[in-house]
Amino acid sequence: MDGIIILDKESGVYSRTAGGRVAKIFGEKKFGHIGTLDPMATGVLPIAIGNATKMIPYIEETNENQKEYLFGLRFGIETDSLDITGKIINTNDFIPNKQDIDQACKKIEQTLEQIPPVFSAVHVNGKRAYELARGGADVELKPRPIKIYELVYDGKNGAEYNFRVVCSRGTYVRSLVRDIAKMCGAIATTTYIRRTLTNGFDIKNAVTLDFF
């Protein structure tokens, strides 16, 4: 069987693990995922199975490569992985106001590059950055070109501040959280990430593994 399944990935699952589960359901050994989601992240993860895997490079390079994410952050906490699953390395009581947050979003919309998280799959001297970081190495990553089409603060629920971003391939939401906080003179960590659009694949057409 050949085709693409638009999966709504659950949190706590690696992208490749999710792809393997989908392929197994259809009795296929050959599979691949279009883009990658952090294990903690949920949302759109297109899974190609069978001969459809040959289309992955072409889909990833199409003009419809914009991605949309909903994400949350919590001020006053900094973790090594830039998300709530990481080790807390700093805390404080400073909470920026809405005006500062809105201004930070506007500044980030004008940026054309971003430093990836240390805990990421970026290659450093032949190894993944997260492998080096977990081994205790001091990892320094260079800025990479990205484009932020829209970044909007969408209100808060308790201590959680919510955002929506439309961005280019290669953008790390966890780095956005780090940079929003830094521009506000604060610290923060990511509480959730949900991808709602990638390469033309929309969350409204996605299915969960439970559906199968």
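Which residue stands opposite Gly72 in β13? In this predicted model, that residue is Tyr192. A few notes from going through the rest, point by point.

1. **Overall make-up.** The chain comes to five helices and 14 strands. Its radius of gyration is 18 Å, close to the 17 Å the globule rule gives for 212 residues, so the chain is as compact as a globular protein of that length. Along the principal axes, the C-alpha atoms fill a box of roughly 55 × 35 × 30 Å.

2. **Burial and surface.** Out of the 212 residues, 45% count as buried. About 11,400 Å² of the chain is exposed, and carbon and sulfur atoms supply 49% of that area.

3. **Contacts along the sequence.** If you take contacts between residues at least 6 apart in sequence, 70% of them join residues at least 24 apart. The strand pairings in the next point are a good place to look at how parts of the chain come together.

4. **β4 and its partners.** I'd start with strand β4, residues 67-75. With β12 (residues 160-167), β4 pairs in the antiparallel sense over seven bridges. β4 is also joined to β13, residues 188-198, by nine bridges, and this pairing runs antiparallel too. For landmarks, use Phe71, which stands opposite Phe163 in β12, and Gly72, which has Tyr192 of β13 opposite.

5. **The Phe71–Phe163 pair.** Searching the whole structure turns up four aromatic pairs. In the pair made by Phe71 and Phe163, the ring centres are 5.2 Å apart and the planes lie at 10°; the cut-off for stacking is under 30 degrees, so this pair is stacked. Phe71 sits in β4 and Phe163 in β12, so the pair ties together parts that are 92 residues apart in sequence. Are these two residues buried or exposed? Both Phe71 and Phe163 are buried.

6. **The wider aromatic group.** Phe71 and Phe163 belong to one aromatic cluster, along with Phe75, Tyr153 and Tyr161. It's worth having the whole group on screen when you look at the stacked pair.

7. **Asp8.** This acidic side chain deserves a look. Asp8 is found in strand β1, residues 3-9. Its relative accessibility is 15%, and since buried means under 20%, Asp8 counts as buried. What does its side chain meet there? A polar contact of 2.8 Å joins it to the side chain of Arg194, and a polar atom of the Asp8 side chain also lies 3.3 Å from the backbone nitrogen of Gly43. Not counting residues up to four places away in sequence, Asp8 touches Gly43, Arg194, Ile203, Ala206, Val207 and Thr208.

8. **Thr79.** Another polar residue to check is Thr79, in strand β5 (residues 77-79). At 3% relative accessibility, Thr79 counts as buried. Which side chain makes a polar contact of 2.9 Å with the side chain of Thr79? That partner is Thr189. Leaving aside neighbours within four places in sequence, Thr79 is in contact with Gly86, Lys87, Ile88, Ile89 and Thr189.

Notes. Residues numbered from 1 in each chain as written. Predicted model: local features only at pLDDT ≥ 70, side-chain atom pairs only at ≥ 80, totals over all residues. Heavy atoms only, no water. Phe/Tyr/Trp six-rings, centres within 6.5 Å; stacked < 30°, edge-to-face > 60°. Helix = DSSP H or I, 4+ residues; strand = E, 2+ residues; numbered from the N terminus. Buried < 20%, exposed > 50% of the residue type's maximum accessible area, 1.4 Å probe, protein only. Polar contact = N/O pair within 3.5 Å; in protein donor to acceptor, adjacent residues only side chain to side chain. Contact = heavy atoms within 4.5 Å. Rg over C-alpha atoms; globule rule 2.2 N^0.38 Å. Areas by Shrake-Rupley, 256 points an atom, 1.4 Å probe, with all protein chains shown as cover. Pairing = 2+ DSSP bridges.
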